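Trainee: I would like to take a close look at a single part of this model. Please treat it in one connected account.

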Amino acid sequence: MKALNTVNFGLIGAGAIAWSAAEAINKHANARVRAISDPNLDRARALAAARDIPAVSASAEELLADRGLDAVYIATPNKFHAPLARLALAAGKHVILEKPFAMNYAEARQVTDLAAKKGLAFTVGMNQRFNADSQRVRALVEKNFFGEIYHAKAYWRRRAGIPRLGTWFGNKALAGAGSLYDIGVHMLDLCLHVIGNFDPVSVSGQTYTKFGNRGLGEGGWGNSERGDIKFDVDDFATALIRFRNGATVTLDTSWACHQADGNRDNVEINGTEAGATVRPARVYRYGKNPLTSYEVIDVDKGPLALPHQCRFHNFINHLRGKEALLVTVPQALTVQKILDAIARSSKTGREVRL
Ligand SMILES: NC(=O)c1ccc[n+]([C@@H]2O[C@H](COP(=O)([O-])OP(=O)(O)OC[C@H]3O[C@@H](n4cnc5c(N)ncnc54)[C@H](O)[C@@H]3O)[C@@H](O)[C@H]2O)c1
């Protein structure tokens, strides 16, 4: 791959998340958003005006025909992620894709095979990996601070956090899954990244639809127009994942459930020498005398491996030949494989061997 000096971006999708994406890309001294496409032209025009984006179109095909664009960011309803990523790669563009990667592993694999064939960069923009707390705990794992990590607990549980009822988010045909693809995927990916274990062997999971189908549990996120789109995705899911080295991870995700607090999200790590939470980055271990003392240490100082803390800057720096991608293709495919397995396990009531 030839290193670029400046990176000209196109955005596909002008929804809620595209606003912060355009801002983050334009903050990089060597990148600029040059074009945006969305079938909802009003939305595309509003974002273009606010972020000084010169070209606006209603179709991804029109945007991708622009030879001046080096890379695209795709942020559409989940169903269009993999097809649009393939379209962009076929047009010779590097791709940073929103989560979740795809509707299933087979689709995801078609994307990564094409990226490899075309010699283009591809990543899924898992933003949670980049924040300072995540980087600090990951750095300690790299130094083997925790000894053997035998268990981790990943969860993102909201009491009432369904993105607007009546939008594509709650519809299986458009979203693929509900809380699992919206917030569960973040904590699953973050957990595997922080503990450095992408070698799962089996998955047992269950998904539930208990609130959204009754018109309950709506949260604040989402710009999309409310329609009469049926809510038929999970608003709660749980899973146990076993890894080749004997470690286990539990995942809990909820858009809506009865619990004491409005939101709870974290990754908790159990190692033989120490434990940790990621939010905030905090370490737990025996003091000098293990029988009488115990230490709780905030990990909030020192330099970061990626000081920009930004998925877009990582991608841009990668295209400029200056940084490795933090979210690699094999990792993104493994996360998708686990998500597929949770759905299959829930359907069959059995553990899925990978
Ligand atoms: N990383 C994060 O933290 C994070 C946060 C929110 C959303 N997301 C992801 O971003 C994506 C978009 O979410 P959102 O909240 O912005 O949704 P949204 O509903 O606000 O916006 C989606 C936009 O996509 C447009 N669209 C539909 N089909 C299109 C096509 N073929 N080409 C171009 N545009 C098309 C719609 O018109 C709409 O404007 C989702 O995949 C979601 O999972 C990620």
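In what order do the 6 strands of the open sheet stand, and is their pairing parallel or antiparallel?

Mentor: This is a predicted model, in which local features need pLDDT of at least 70 and side-chain atom pairs count only at pLDDT 80 or more, while totals for chains, interfaces and linings use all residues. Residues are numbered from 1 along each chain as its sequence is written.

The order of the strands in the open sheet is 3-2-1-4-5-6, and they pair in parallel. Strands (E, at least two residues) and helices (H or I, at least four residues) are DSSP runs numbered from the N terminus, and two strands pair if DSSP finds at least two bridges between them. Strand 3 (55-57) and strand 6 (122-124) each have a single partner strand, so these edge strands are left with one side lacking a neighbour in the sheet. On average, neighbouring strands are turned by 20° against each other, direction ignored; axes are lines fitted to C-alpha atoms, for helices over the stretch in contact, and angles run from 0 to 180 degrees between N-to-C directions.

Within this sheet, strand 1 (residues 7-12) is joined to strand 2 (residues 31-37) by 6 bridges in the parallel sense. Val 7 has Ala 31 of strand 2 as its bridge partner, and Gly 10 has Ala 35 of strand 2. Of the 6 residues in strand 1, 5 are buried, that is, 20 or more other C-beta atoms lie within 10 Å of their own, with C-beta atoms placed from the backbone.

Helices pack against these strands. Helix 2 (residues 41-51) lies across strand 2 and strand 3 and runs at about 160° to strand 2. Helix 1 (residues 16-27) touches strand 1, strand 2 and strand 4 (71-74), and its direction makes about 150° with that of strand 2; contact requires C-beta atoms, placed from the backbone, within 7 Å.

Helix 1 also leads to the ligand, since the largest share of the shell around the ligand, 3 residues, comes from this helix. The residues around the ligand number 25, and Gly 13, Gly 15, Ile 17, Glu 98 and Ser 224 come nearest; a residue is near if its C-beta atom, placed from the backbone, lies within 6 Å. Both domain 1 (7-124 + 311-326) and domain 2 (131-305) give residues to this shell, so the ligand lies between them; the domain bounds come from an automatic or database domain assignment.

Key. Two residues are in contact if their C-beta atoms, placed from the backbone, lie within 7 Å. A residue is buried if 20 or more other C-beta atoms lie within 10 Å of its own, exposed if 12 or fewer, and partly exposed in between; C-beta atoms are placed from the backbone.
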